[in-house]
Amino acid sequence: MNCKNRPKVLLVILLGLLTGNIYSQEEHHDNDHHNHHHHKYDLGVGNSIVYFPNEKETAYGLHLHLVRNIAHSKFGYGIAYERIFDEHKHNTVGLLASYNPFGGLHISLSPGATFEDHEPSDLRFAFHAETSYNFNLGKFHLGPMLGFAFDQEDYHIGFGLHVGYGF
């Protein structure tokens, strides 16, 4: 496989797995709207180990997002920021669209811009896809997360823990 095609193939696989027939095991209830209750806003923090396949390196990644959930819907929108604490001091900011197909499963897509600390004006298009399965603890929720991101120079995969607060 051509190295330039790997990010595209991985993204297609990830999105295919995330958007498959996910409703097959969902129970339907007359009061289904109670099963999808969301807070108006979600503030989330993702702590992950990020792997760069091209460089064969790992680093710590911190992801922050603020999502405004759309009332009576499984969708939300917001802003996101990612910092990878590696030699490049990678930063990404972006808009975020979220989808909660059922239960604790959350999917977010975030187009944005990536830059490095030593060249903050060198902005590159970036795209992040992330999924997490959250367990509610009152206004807090936490669970495992998996993410994939690419820009014009590289791509990375992250796995970690998502912690959020709904208000």
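**Exercise 1.** What share of the contacts in the protein with a separation of 6 or more comes from residues 24 or more positions apart?

*Solution.* Keep in mind that you're looking at a predicted model. Start with the layout: the protein has one helix and nine strands, and the helix leads, since the order from the N terminus is α-β-β-β-β-β-β-β-β-β. Now for the share itself: residues 24 or more positions apart make up 47% of the contacts with a separation of 6 or more.

**Exercise 2.** Work out which acidic residues Arg124 pairs with, and where those partners sit.

*Solution.*
- Step 1: Take Glu116. Its side chain forms a salt bridge with that of Arg124, at 3.8 Å from N to O, and both residues are buried.
- Step 2: Go on to Asp151, whose salt bridge with Arg124 has its closest N and O atoms 3.5 Å apart. This one ties together distant parts of the chain: Asp151 is in strand E8 and Arg124 in strand E6, 27 residues apart.
- Step 3: Add Glu153, with closest N and O atoms 3.9 Å from Arg124. Here the partner lies in the loop between E8 and strand E9, 29 residues from Arg124.

**Exercise 3.** Decide for Arg124 and for Glu153: buried or exposed?

*Solution.* Buried means under 20% relative accessible area, and exposed means over 50%. Arg124 has 6% relative accessibility, so Arg124 is buried. Glu153 comes in at 53%, so Glu153 is exposed. To finish, zoom out: salt bridges with shared partners connect Glu116, Asp122, Arg124, Asp151 and Glu153 in one network.

Definitions and conventions. Residues numbered from 1 in each chain as written. Predicted model: local features only at pLDDT ≥ 70, side-chain atom pairs only at ≥ 80, totals over all residues. Heavy atoms only, no water. Helix = DSSP H or I, 4+ residues; strand = E, 2+ residues; numbered from the N terminus. Contact = heavy atoms within 4.5 Å. Salt bridge = Lys/Arg side-chain N within 4 Å of Asp/Glu carboxyl O. Buried < 20%, exposed > 50% of the residue type's maximum accessible area, 1.4 Å probe, protein only.
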